[in-house]
Amino acid sequence: MKVDGKHYRTVWIDPKDGDVVRIIDQRKLPFEFVVEELRSVEDAAVAIREMHVRGAGCIGATAGFGMFLAARESAGTGGDLMARMRDAGEILKATRPTAVNLAWAVERQLRVVGEEEGEDVRVQAARATAQEIADEDAEWCRRIGEHGLDLIREIAARKGENAPVQVLTHCNAGWLAFVDHGSATAPIYAAHDAGIPVHVWVDETRPRNQGARLTAWELGKHGVPHTVVVDNAGGHLMQTGQVDLMITGTDRTTRTGDVANKIGTYLKALAARDNGVPFYVALPSSTFDWKRRDGLREITIEERGGEEVSVIGGSPGRGEAEVEVRLTPEGTVAANYGFDVTPARLVTGLITERGICEASEAGIQALYPGF
Ligand code: MRU
């Protein structure tokens, strides 16, 4: 997507600069736009763990590039390159447990590189695979946009010409959470670009405020009308007929359609069901966890430090650097569960790169036979 007229991906490799990997440091947005260099697998692990990059697809693509950096670091040292890559994969996988794209990218690298012989060939295979993962992610999100556009178009036709389609989204499943386009936002961008009036309610998404900071920033850069609301406003908006459609992303979805996503998603899904608002989840196939059937029992929910809840960052004024302030009394204990699971029965449908399906094993299998 474009930032001030220049096209960016969230993570990319620069062949003109010794194949350095670059990322947008998302911790600084929306106050500063900073590009950071990753030169080692350790850099990639820190970037994922400390959330310089975040969001399922972006984490997966960064892990893919991290595995390339691990292969390159190992080559020529006399060590066993595959053993080094396996260790690097474990380090990367331990950074964040919930988004399955991370493990998926690591396993893919190990499979592809393991089929090759010779250090140079293996390093080149790791580079090509990292690039393929990133390109696929961008293309799959673009297709999610095309399929989701049909849904928005139908609602727009029902509402009449000038009434905007009102979409509520949670967290940031935008282009920043992927390599490009986003999952939940891809249909929104596609509709906006097709001239369909859309307005987005953006949940601020405590504690890290990915909605208020990142979704609002990227929608603004693209010119999509939007309004940030506190996380608890969604129920009221739905009861008063101000939401036509909910679209969220997901960090891991089971083969039966249970959806792990940013904490608070489940409550929105309950409110959507109570109010007859369609609740869609957008995901590329790299976010399906084909090995798991029961999201509540089998998905590990990341718990992060309590200071993310107790301390909040923001800019004190126009253009001023970000500062942090404490919200709670010193010493107060805060719990910080990163994600929750929305059972498949509350999900109206899944928007994937292959089309839209029911959130059920049969529905998913119809689009992904043999998985
Ligand atoms: O903790 P984060 O910011 O990495 O959480 C991921 C998310 O942004 C959301 O849960 C998102 O809706 C799914 S990731 C595409």
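**Around R252 and its sheet**

Let's start with one pair: the side chains of R252 and D289 are joined by a polar contact of 2.6 Å (a pair of N or O atoms within 3.5 Å; within protein, one must be able to donate a hydrogen and the other to accept it, and residues adjacent in sequence count only if both atoms are side-chain atoms). Keep in mind that this is a predicted model, where local features need pLDDT of at least 70, side-chain atom pairs count only at pLDDT 80 or more, and totals for chains, interfaces and linings use all residues. Residues are numbered from 1 along each chain as its sequence is written, and side-chain values use heavy atoms, with hydrogens and water left out.

The side chain of R252 also reaches the backbone oxygen of T98, at 2.8 Å. Is R252 buried or exposed? R252 counts as buried because its relative accessibility is 10% (buried means under 20% relative accessible area, exposed over 50%, partly exposed in between, with a 1.4 Å probe and protein chains only).

Now zoom out. R252 sits in strand β10, residues 252-254 (strands are DSSP runs of E, at least two residues, and helices are runs of H or I, at least four, numbered from the N terminus). β10 belongs to an open sheet of four strands in the order β13-β10-β11-β16, with mixed pairing (two strands pair if DSSP finds at least two bridges between them). At the edges are β13 (288-289) and β16 (339-342), each pairing on one side only.

Strands β11 (residues 259-262) and β16 run antiparallel, joined by four bridges. In β16, T342 is the bridge partner of V259.
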